[in-house]
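This report describes how parts of a helical core are packed. It follows selected residues and one helix in turn.

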Amino acid sequence: PSVLTQLYATVETICTVGPRSFFPPPKVESQVIRLEFQPEPRVAIGNEKDFQRVVKAAFGQRRKTLRNALKAAGYQNLERVESTSGIDLQRRGETLSVQEFVTLTGALFPG
């Protein structure tokens, strides 16, 4: 969700809420955020459905590298995708920027 949110909205942190504000208290702090939605995506993404599929695949396997997550989702020719995109598929999905996801989608779905 964070990748798609960043694509369509400006995210601003309003404040941090401590664990004692909840019952039972979680072991983490929370943030209140404001989303200002944009009329158009921040970057040109080509086919939106392909983009969403790639993002979903990248996060579909917890703690997996992009190569393993994409392979598990049925994507093939990952050596070509890696060389075409210039993105190291040993990285994890959470390390990619929105623009890198666009580039990766273009390499997976050329033309």
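In this predicted model, Leu-108 touches Val-54, Leu-70, Tyr-75, Leu-78 and Val-81, with residues up to four places away in sequence left out of the count. Leu-108 is also among the residues that touch the most other members of the largest nonpolar core, a set of 22 residues. The others so ranked are Phe-51, Leu-66, Leu-70, Tyr-75, Phe-101 and Leu-104. At least two residues of this core come from each of H1 (2-8), H2 (48-60), H3 (66-72), H4 (78-85) and H5 (98-108). H5 supplies the largest share, 6 residues.

Thr-105 also lies in H5. Its relative accessibility is 5%, under the 20% cut-off, and Thr-105 therefore counts as buried. Beyond its neighbours within four places in sequence, Thr-105 is in contact with Asp-50, Phe-51 and Val-54.

Those three partners are among the buried residues of H2, which also include Val-55, Ala-57 and Ala-58. Viewed down the axis of H2, the buried residues fall within an arc of 160°, and so they line one face of the helix. In an α-helix there are 3.6 residues a turn, so residues three or four places apart point the same way. On the face of H2 turned away from the buried side are the exposed residues Lys-49, Lys-56 and Gly-60. The cover over the buried residues of H2 includes H1, H3 and H5.

H2 has 13 residues, and the distance from its first C-alpha to its last is 18 Å, close to the 18 Å expected at 1.5 Å a residue. At the start of H2, a side-chain oxygen of Asn-47 comes to within 2.9 Å of the backbone nitrogen of Lys-49.

The loop between H2 and H3 contains Gln-61. Is Gln-61 buried or partly exposed? With a relative accessible area of 34%, Gln-61 is partly exposed, because this value lies between the cut-offs of 20% and 50%. Residues up to four places away in sequence aside, Gln-61 touches Ala-69 and Ala-72. Gln-61 and Gly-93 are 32 residues apart along the chain, and their C-alpha atoms are separated by 9.6 Å.

The two residues with a stated accessibility are set out below.

| Residue | Relative accessibility | Class |
|---|---|---|
| Thr-105 | 5% | buried |
| Gln-61 | 34% | partly exposed |

Terms used. Residues are numbered from 1 along each chain as its sequence is written. This is a predicted model: local features need pLDDT of at least 70, side-chain atom pairs count only at pLDDT 80 or more; totals for chains, interfaces and linings use all residues. Side-chain values use heavy atoms; hydrogens and water are left out. A nonpolar core is a set of buried Ala, Val, Leu, Ile, Met, Phe, Trp, Tyr and Cys residues joined through side-chain atoms within 4.5 Å. Buried means under 20% relative accessible area, exposed over 50%, partly exposed in between (1.4 Å probe, protein chains only). Helices (H or I, at least four residues) and strands (E, at least two) are DSSP runs, numbered from the N terminus. Contact means heavy atoms within 4.5 Å. The expected span of a helix is 1.5 Å times one less than its number of residues. The arc is that of the directions from the helix axis to the C-beta atoms. A polar contact is a pair of N or O atoms within 3.5 Å; within protein, one must be able to donate a hydrogen and the other to accept it, and residues adjacent in sequence count only if both atoms are side-chain atoms.
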